[in-house]
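Here is a walk through a two-chain model, taken chain by chain and then through its cavities. Have the structure open and follow along.

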Amino acid sequence: MTNMLKPSLTQCHVTLFVSYILLFMLSFSALAERQEFTVILKEHLFYPAEMTIPANKKIKLVIDNQDDSIEEFDSFSLNREKVLFPKRKSVIYIGPLSPGHYAFFGEYHPNSARGMVIVSGTELVAPADRETDDVN
Amino acid sequence: MLINTVLVFLQNILPIFVVLSLWFAQRDVSHQMSKQEKQNTSDLPLIYLLKTLAMGLIIVLFLSYFMPEVSQLFSGTGLEIVYSILFSLIYCSIVISFLHTRVTGHISEQGKTLPKQQRLTQQKSVVSLVILLLVLCVHGSNFSLYIMSLTIQNPAMDILYSGIVVGVIIGTGICLSIAILLYFVLVTLVKKTRCQLVCYFLLLFGVGQLIQGLQLLEQVDIISSNVALWSTNYLIAEDSELGYFLTILFGYEATPSVIELLVYLCALTVPILSAKLLVYKQSSMTSFMKGTS
């Protein structure tokens, strides 16, 4: 009887341990406040084509597809791939990244829809100003 | 447009061709068996494959149609959640198939009873079809989205049309060449080696799919990602031809995070160890039965 119980108890402990890790990871992600940046896609062009973000911090990137066609935000260096539906906003999170240049492009129109994320090692100005500057 | 169509086609359709190639290679093992062995295996007929492909195409159209609505669910993370579930299902089905192959191989080596072997082979065939269906749904829907993006509300469609058609033809040619090459390389191998190679290749492919699902969850911040551990971009760049193939087939990541590395290693080692444990249990049970009789 005890032999039969042993594996199930071990399984319970493993399940609990894994659940705790997952819960910790999920709650950590959910509670964290992220600096927000916006990129607009219009006529298969990204505005702004370049944006500067802080190093070693995760940021929220809102991509507003104002075109009538579907696009896919793609970046090998950022490890991101997101389908952008027409006239809709999409959200992705990028980072934490070390200082450098990270290219992104629209997979369906790679010749025109191109952009660059510049990760700066120096402290950036207030996020709201930054975002406004980038959008305009 | 032509080059882009070829690239998108390869990225999304090559996995389907590779899975098909592995399916045929695995199936061919039973065709080379003796009459007695053939009776033992009871593989599913080819018509089931055609039915699965037809069903997959219907699901692809259905998925593509509802994708915009799904993407808006759960505060804009719907698509990532649905796709990560589908990627996990692909991995789980591949693990089941892997364990089945290992156990079936062990049973046939020991020359065990017919009904058990038949049942296991039939289950394995059904799981293989499920894998194919899931891969077709996930990757096919991405490609259908690309075609939709070009065809719907596009005034320059007449100019793009020839590029898309030629791109699809070239893409199909490349995918077919790779699939046929892979099939013939596998077919030339000895039955036992081939079986092992196919199931390990499939397992690596499954781990790659799981990593893709994980990256989708990292992308929408459901799973926390950390700084990349290292960069192998100087060896094999992800945007190079080889990088493309390795990413599509085995989930190659030039800049992996800690969680990606851990998941990759666990997803690879746990099924292998489980299979070894199952085989060990089988053989100890057999020797115990022999000892008692």
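Before any loop gets named, a word on what counts as an element: helices are DSSP runs of H or I with at least four residues, strands are E runs of at least two, and both are numbered from the N terminus. Keep in mind throughout that this is a predicted model.

With that in hand, look at P48(A), which sits in the loop between β2 and β3 (50-54) of chain A. The peptide bond leading into P48(A) from Y47(A) is cis, with omega near -5 degrees. Chain A has another cis bond to look at, between G95(A) and P96(A), where omega is about 0 degrees. P96(A) belongs to the loop between β7 (88-94) and β8 (100-106) of chain A.

Why stop at these spots? Most peptide bonds are trans, and most residues other than glycine have a negative phi. On the phi side, E43(A) is not a glycine, yet its phi is positive at about 50 degrees. E43(A) is found in the loop between β1 (35-42) and β2 of chain A. N79(A), also not a glycine, has a positive phi of about 60 degrees, and its place is the loop between β5 and β6 of chain A. Is E43(A) buried or exposed? E43(A) is exposed, at 62% relative accessibility. N79(A), on the other hand, is buried, with a relative accessible area of 16%.

Now zoom out to the whole of chain A. Its secondary structure consists of two helices and nine strands, and the strands sit between the helices in the order α-β-β-β-β-β-β-β-β-β-α. Chain B goes another way, with ten helices and zero strands, so to speak a plain run of α-α-α-α-α-α-α-α-α-α along the sequence. Here are the two chains side by side.

| Quantity | Chain A | Chain B |
|---|---|---|
| Residues, and share buried | 136 residues, 46% buried | 293 residues, 48% buried |
| Share of contacts (separation of 6 or more) that join residues 24 or more apart | 59% | 79% |
| Accessible surface | about 7500 Å² | about 14400 Å² |
| Share of that surface from carbon and sulfur atoms | 60% | 73% |

How far does the predictor's confidence go in chain A? The average pLDDT of chain A is 76, and 66% of its residues score at least 70. Among the elements of chain A, strand β2 (residues 45-47) has the highest mean pLDDT, 95, while helix α2 (residues 127-135) has the lowest, 42. Over residues 1-7 of chain A the pLDDT is below 50, and this stretch has zero contacts in the model beyond near neighbours in sequence. Residues 127-136 of chain A also have a pLDDT below 50, but that stretch makes 16 contacts beyond near neighbours in sequence.

On to the cavities. How many of 30 Å³ or more does the structure hold? There are three. The largest has a volume of about 710 Å³. It is lined by 36 residues, and those closest to its centre are E72(A), E81(A), Q11(B), Q212(B) and L216(B). From chain A, β5 (71-75) and β6 (80-84) each give two or more residues to this lining; from chain B, α1 (2-31), α5 (78-110), α6 (114-151), α8 (191-219) and α9 (241-250) do so. Which element gives the most to the lining of the largest cavity? That is α8(B), with six residues. By class, the lining of the largest cavity splits into 15 nonpolar, twelve polar and nine charged residues.

The second largest cavity has a volume of about 60 Å³. It is lined by V19(B), L22(B), W23(B), Q26(B), S97(B), S128(B), I131(B) and L202(B). The elements that give two or more residues here are α1 and α6 of chain B, and α1(B) gives the most, with four residues. This lining has five nonpolar and three polar residues, with no charged ones.

Key
Residues are numbered from 1 along each chain as its sequence is written. Chains are lettered from A and ligands numbered from 1 in the order in which they are written. This is a predicted model: local features need pLDDT of at least 70, side-chain atom pairs count only at pLDDT 80 or more; totals for chains, interfaces and linings use all residues. Side-chain values use heavy atoms; hydrogens and water are left out. Buried means under 20% relative accessible area, exposed over 50%, partly exposed in between (1.4 Å probe, protein chains only). Contact means heavy atoms within 4.5 Å. Accessible areas come from the Shrake-Rupley method with a 1.4 Å probe; for residues, only the protein chains shown count as cover. pLDDT is the predictor's confidence in each residue, from 0 to 100. On a 1 Å grid over the protein atoms alone, a cavity is a set of points where a 1.4 Å probe fits but cannot get out, and a pocket is an open set with protein on both sides within 12 Å along at least five of seven lines; lining residues have an atom within 4 Å of a point. Grid points are joined across faces, edges and corners, and a volume is the space filled by probe spheres set on the points. Ala, Val, Leu, Ile, Met, Phe, Trp, Tyr, Cys and Pro count as nonpolar, Asp, Glu, Lys and Arg as charged, and the others, Gly among them, as polar.
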